[in-house]
Structure formats: structure tokens, C-alpha cells
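Please look through the structure shown here and follow the account below from the helices to the surface.

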Amino acid sequence: MLSQPKTKGDFESFTPNDIFVLKREKPKHSDQKEDNPENSLQEEATVLGIIQILCCLLISSLGALLVSAPYSSHFKPTISTILMSGYPFVGALCFAITGSLSIISGKKSTKPFAMSSLTSSAVSSLTAGAGLFLLADGLAALKTASRGCDSEREYLATLPYSMYYYSEYEFKNCLLTSVSLTGVLVVMLVFTVLELLLAAYASILWWKQVYSDNPGSAFSLPRSNPTCQKAL
């Protein structure tokens, strides 16, 4: 009996009647996705950029709230120091620029964009660090200023009965302002810490992309097509 030519991936099996049966292996799925470092970098950079832009929006919004909100003279020096530093607005703008460059650099995957993202991330790290110390000092000063509310309460006992209710209102207003400003500064501090961690991580990420020669880098040479190699 003539045997048929074998195709690649086929193998023989024998039956009791000595008849050759050819069985074909199941073809592998060609649509399986291989790990692509460039896509991974783009997704990571996009997530970092979006979170940094959200931090910018929140910090600048809280800064605008501090500008527009009325508060007593006890807290004016503390809040004025924070606002005059420009951190709620200049720092937030720096975070927005860093986030935007991170998103663009993830899509473009070129060394000039990566270098610009590295520089902006380093600047954002320094800005967030300065803002962290500024807000921590502001919280400490706010705690000291809030003691003025307690002194006002002690002053109530010395006032005549006709002026008691007015001074009681002033005390409650001072206490409410202290709690509100403390909450605003704490939230701003939390997102400043988040921005500091994100900027530090982004600096390490873009440093590796600019100066690393690993094969998995997004700036490595494109891989050769295995189909072309087989054809050669």
C-alpha cells in the first residue's frame, strides 16, 4: 500500500489491520497576545498622568476655597503664608504639566519626551516635598491659632449677660472655622503625599526608559518577524 506524504505536525498510528492513520495536531492559536513592553509602558504612564492631573484639580480647588472662604483674624497669618507661597496654584500647575507629559510620553515612546517627563517628574517631586513641609507647618500653626478660640471662651465669663450670646456666637464661629480649615489642609496634605509618591515613582520609571539598555525597554530596537526568518 502506498503511504501518503506526511504534513508537518502529523504523526502515524497503527491499527490492527496494518492501516496507517494520519492524525493532525491541533493548530495553535495565532491570535495569542505576546507581552508588549511598549503597551505596558503606555498604560502605566497614562494611569500616572491621570492621577497627577486629578491631584492638581483637587489641590487647586482647595486653594481657591481658602482664598474665598472667610475666617477670623486668629487664622489669617497661617492661611496667608500658605497662599502667598503659591503652592496651591503653582504647585498644582506643575503637577498638571507633569501628568500631561507623562500621558504624551507613554503614547509617543521617544527619548525627548521621556527626558522631558523625567525632568518634570523630578521638579514635581521637589515641589510636592516643599508643599508637604509647608502644609505640615501650617497645620501646626493652625493648632496654635485655634487656642485663641479657647481664650475667647474664657473671656465670656467676664462679660455682662447682655453681651454673652453675641460672644458665644463668635466662639462657635471661631471653632467651626478652625475645624473647617484643619480639614481642608489635611485633605490637601494627603493628596500632596500622593503626588510626591507618584512623582518619585515616575522619575524612576522615566529614568529607566531613558538610560536603560534592557531588551524590554520601550526604546529598544524592534523585534524581527519570525515568519521572515523562516522564509530566509
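In which helix is L66 found? L66 is found in helix α1. The model is a predicted one, and every value below is computed from it. Helix α1 covers residues 37-68. L66 has a relative accessible area of 1%, and buried means under 20%, so L66 counts as buried. Leaving aside neighbours within four places in sequence, L66 is in contact with Y71, I79, L83, L181, V184, L185 and M188. One of these partners, L185, is 119 residues away from L66 in sequence, yet the two C-alpha atoms are 9.4 Å apart in space.

The general layout gives this residue its setting. The protein has 7 helices and 2 strands. Along the sequence the two strands come before the helices, in the pattern β-β-α-α-α-α-α-α-α. Of its 232 residues, 32% count as buried. Contacts between residues at least 6 apart in sequence can be sorted by their separation: 74% of them join residues at least 24 apart. The pair L66 and L185, with their positions 119 residues apart in sequence, shows such a separation.

Helix α6 spans residues 164-211. T192 lies in this helix. Is T192 buried or exposed? The relative accessibility of T192 is 0%, and therefore T192 counts as buried. The side chain of T192 reaches the backbone oxygen of M188 at a distance of 2.7 Å. M188 has already appeared among the contacts of L66. Not counting residues up to four places away in sequence, T192 touches I59, Y87, A128, G131, L132 and L135.

L132, one of the residues touched by T192, belongs to helix α4, residues 111-145. L132 has 24% relative accessibility, so L132 counts as partly exposed. With residues up to four places away in sequence set aside, L132 touches L189, T192, V193 and L196. L132 and L196 are 64 residues apart along the chain, and their C-alpha atoms are separated by 8.6 Å.

Y87 is another residue touched by T192, and Y87 leads to the aromatic residues. How many aromatic pairs does a search of the whole structure find? The search finds 2 aromatic pairs. In one of them, Y87 and F95 meet edge-to-face, with 6.3 Å from centre to centre and 75° between the planes. Planes over 60 degrees apart count as edge-to-face, so the 75° between these rings gives the pair its label. Both Y87 and F95 are buried. The other pair joins W207 and Y211; their rings are tilted, 4.5 Å from centre to centre, with 45° between the planes. W207 and Y211 are 4 residues apart in helix α6, so about one helical turn separates them. Y211 has a relative accessible area of 46% and is therefore partly exposed.

Helix α3 covers residues 87-108. I103 and V90 can be compared there. I103 lies in this helix, and V90 is found in helix α3 too. Which of the two words, buried or exposed, fits I103? I103 is buried, because its relative accessible area is 18% and the limit for buried is under 20%. V90, by contrast, is exposed, with a relative accessible area of 58%. Apart from residues up to four places away in sequence, I103 touches A45, T46, G49, I50 and I53. The C-alpha atoms of I103 and E43 are separated by 8.7 Å, although their positions lie 60 residues apart along the chain. For V90 and S60, which are 30 residues apart along the chain, the C-alpha separation is 8.7 Å.

I50, one of the residues touched by I103, also takes part in a feature of the surface. I50, L54 and L57 make a nonpolar surface patch of about 280 Å². L57 is found in helix α1, as L66 is. With 48% relative accessibility, L57 counts as partly exposed. The protein as a whole exposes about 15500 Å², of which carbon and sulfur atoms supply 64%.

Notes
Residues numbered from 1 in each chain as written. Predicted model: local features only at pLDDT ≥ 70, side-chain atom pairs only at ≥ 80, totals over all residues. Heavy atoms only, no water. Phe/Tyr/Trp six-rings, centres within 6.5 Å; stacked < 30°, edge-to-face > 60°. Buried < 20%, exposed > 50% of the residue type's maximum accessible area, 1.4 Å probe, protein only. Patch = residues over 30% accessible without salt bridge, like charges linked within 9 Å, V, L, I, M, F, W, Y side chains within 5 Å. Areas by Shrake-Rupley, 256 points an atom, 1.4 Å probe, with all protein chains shown as cover. Salt bridge = Lys/Arg side-chain N within 4 Å of Asp/Glu carboxyl O. Polar contact = N/O pair within 3.5 Å; in protein donor to acceptor, adjacent residues only side chain to side chain. Contact = heavy atoms within 4.5 Å.
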